[in-house]
Amino acid sequence: MAFEIEYAKAPLGHKIHGLDLAHLKEDEFQQLKNIWNQYGVVVVTGQKLAAEQLLDFSRRLGALEKFIIDAYNLPSNPEIFVVSNVIENGKPIGMADAGRMWHSDMCFRPEPSFGSVLYALEVPLSDDGTPLGDTHFASTAAAFDALPADLREKISGLRAVNSFSARIAAAAERGAKDASMDPVALDHLKAQRDKAKAEVPDVDHPLVRTHPVTGRKCLYLSELITSGIVGMPPEEGQALLRQLMDHITSDPFVYRHSWSVGDVVMWDNCSSMHYAIGDYQLPKRRLMYRTTIRGTRPV
Ligand code: SIN
């Protein structure tokens, strides 16, 4: 099957039309994987996938891991993490506020996820039909390449602390102010995160890491989760993290994805970070299935 690439006006987020992920031939799969590795984020449009087909495709990319909070994994296929604001029988069917800050998936783990695959099943629309709940992606590789030499030198060899506890505290503070969050979802999230907290100690990772496939250097930090720099006074560390975050999330490095039902976005968690907007609320429904590919210790 011939496919077409529609290039985004950003270093990542190019769209691929004309592929059927449920029936990919080996050569198509290898081409797609190469494009993904090269750009970090690709959007495969027009998919119609059963849960098993999403899993089969994702497993071709690598071993899968379950999301840390089991309550948000699909009961019939727990390797699918459900991202959704939908509440059924008084219970959220997925995590309502996933990705509401710039982050890289599972950065608070010693071996963070290599990549993630997010499939759109339901997309909220504004009254004029514009999709809501866009996701922004930023290239941490292009952002690193664009740093001035003295800053590159300053940060090489530094390690940054990544903290699930810090993430919980930030989510709680933000959730309390977030009008899009249903109170049922908010209470549920708080209880689930508190339960998970004890199992996730803080971890430090290199602030500049090397992409395991391409060898590109990438900035590695997440907003409000990366809480400081090892061996640096807290204020200085925070200021450096803020400076880098502002740089990575500036226009030249960012692609904003406006979802259509059937889109599959694949990202790698080394050369990109992402952030989802919460500009919708029930009864507008958003339902996404995410699979997550296991990674290795960042170097
Ligand atoms: C995520 O961070 O995995 C979810 C992103 C999104 O819902 O758009």
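A polar contact here is a pair of N or O atoms within 3.5 Å. With that in hand, welcome to this predicted model. An oxygen atom of the ligand lies 3.3 Å from an N or O atom in the side chain of H103, so this pair falls within the 3.5 Å limit. The notes below start at the ligand and then move on to aromatic rings, helix α1, the cysteines and one residue of helix α6.

**Around the ligand**

- The residues around the ligand are V83, G99, H103, L118, T135, W267, H274, A276, R286 and R290.
- Two arginines from this list also have polar side-chain atoms to look at: R286 places one 2.8 Å from an oxygen atom of the ligand, and an N or O atom in the side chain of R290 is 2.8 Å from a ligand oxygen atom.
- W267 is worth remembering, as this residue around the ligand also takes part in an aromatic pair with F137.

**Aromatic pairs**

- The structure holds 7 aromatic pairs, and two of them are described here.
- W36 and F114 meet edge-to-face, with 5.6 Å between the ring centres and 90° between the planes.
- W36 belongs to helix α1 (residues 26-39), while F114 sits in the loop between β8 (91-92) and β9 (115-122), so their pair ties together parts that are 78 residues apart in sequence.
- Both W36 and F114 are buried.
- F137 and W267 form a tilted pair, at 5.4 Å centre to centre and 50° between the planes.
- Because F137 lies in strand β10 (residues 135-139) and W267 in strand β17 (residues 264-268), this second pair ties together parts that are 130 residues apart in sequence.
- F137 is buried, as is W267.

**Charges over rings**

- R60 lies over the face of F29, 4.6 Å from the ring centre.
- R209 has its charged end over the ring of Y220, and the distance to the centre of that ring is 4.6 Å.

**Helix α1**

- With 14 residues, α1 reaches 20 Å from its first C-alpha to its last, close to the 20 Å expected at 1.5 Å a residue.
- Its buried residues are E28, F29, L32, I35, W36 and N37.
- As background for reading that list, an α-helix has 3.6 residues a turn, so residues three or four places apart point the same way.
- Two residues of the list have appeared above: F29 has R60 over its face, and W36 pairs with F114.
- G40 comes just after α1 and takes a positive phi of about 90°.

**Cysteines**

- How many disulfides does the count come to? The count is 0 disulfides.
- C107 is in no disulfide, and the nearest cysteine sulfur, that of C270, is 12 Å away.
- C107 is buried, with a relative accessible area of 1%.
- C218 is in no disulfide either, with the sulfur of C270 as the nearest cysteine sulfur at 3.7 Å.
- Why does C218 not count as bonded to C270 at 3.7 Å? A disulfide needs two cysteine sulfur atoms within 2.5 Å, and the sulfur of C270 is 3.7 Å away, so C218 is in no disulfide.
- C218 is buried too, at a relative accessible area of 0%.

**Q192 in helix α6**

- Q192 has its place in helix α6 (residues 183-197).
- Buried or exposed, which is Q192? Q192 is buried, with a relative accessible area of 12%.
- From Q192 to D127 there are 65 residues in sequence and 33 Å in space, C-alpha to C-alpha.

Key: Residues are numbered from 1 along each chain as its sequence is written. This is a predicted model: local features need pLDDT of at least 70, side-chain atom pairs count only at pLDDT 80 or more; totals for chains, interfaces and linings use all residues. Side-chain values use heavy atoms; hydrogens and water are left out. Rings of Phe, Tyr and Trp (its six-membered ring) pair if their centres lie within 6.5 Å; planes under 30 degrees apart count as stacked, over 60 as edge-to-face and the rest as tilted. Helices (H or I, at least four residues) and strands (E, at least two) are DSSP runs, numbered from the N terminus. Buried means under 20% relative accessible area, exposed over 50%, partly exposed in between (1.4 Å probe, protein chains only). A charge sits over a ring if NZ of Lys or CZ of Arg is within 6 Å of the ring centre and within 35 degrees of the ring normal. The expected span of a helix is 1.5 Å times one less than its number of residues. A residue is near a molecule or strand if one of its heavy atoms lies within 4 Å of it. A polar contact is a pair of N or O atoms within 3.5 Å; within protein, one must be able to donate a hydrogen and the other to accept it, and residues adjacent in sequence count only if both atoms are side-chain atoms.
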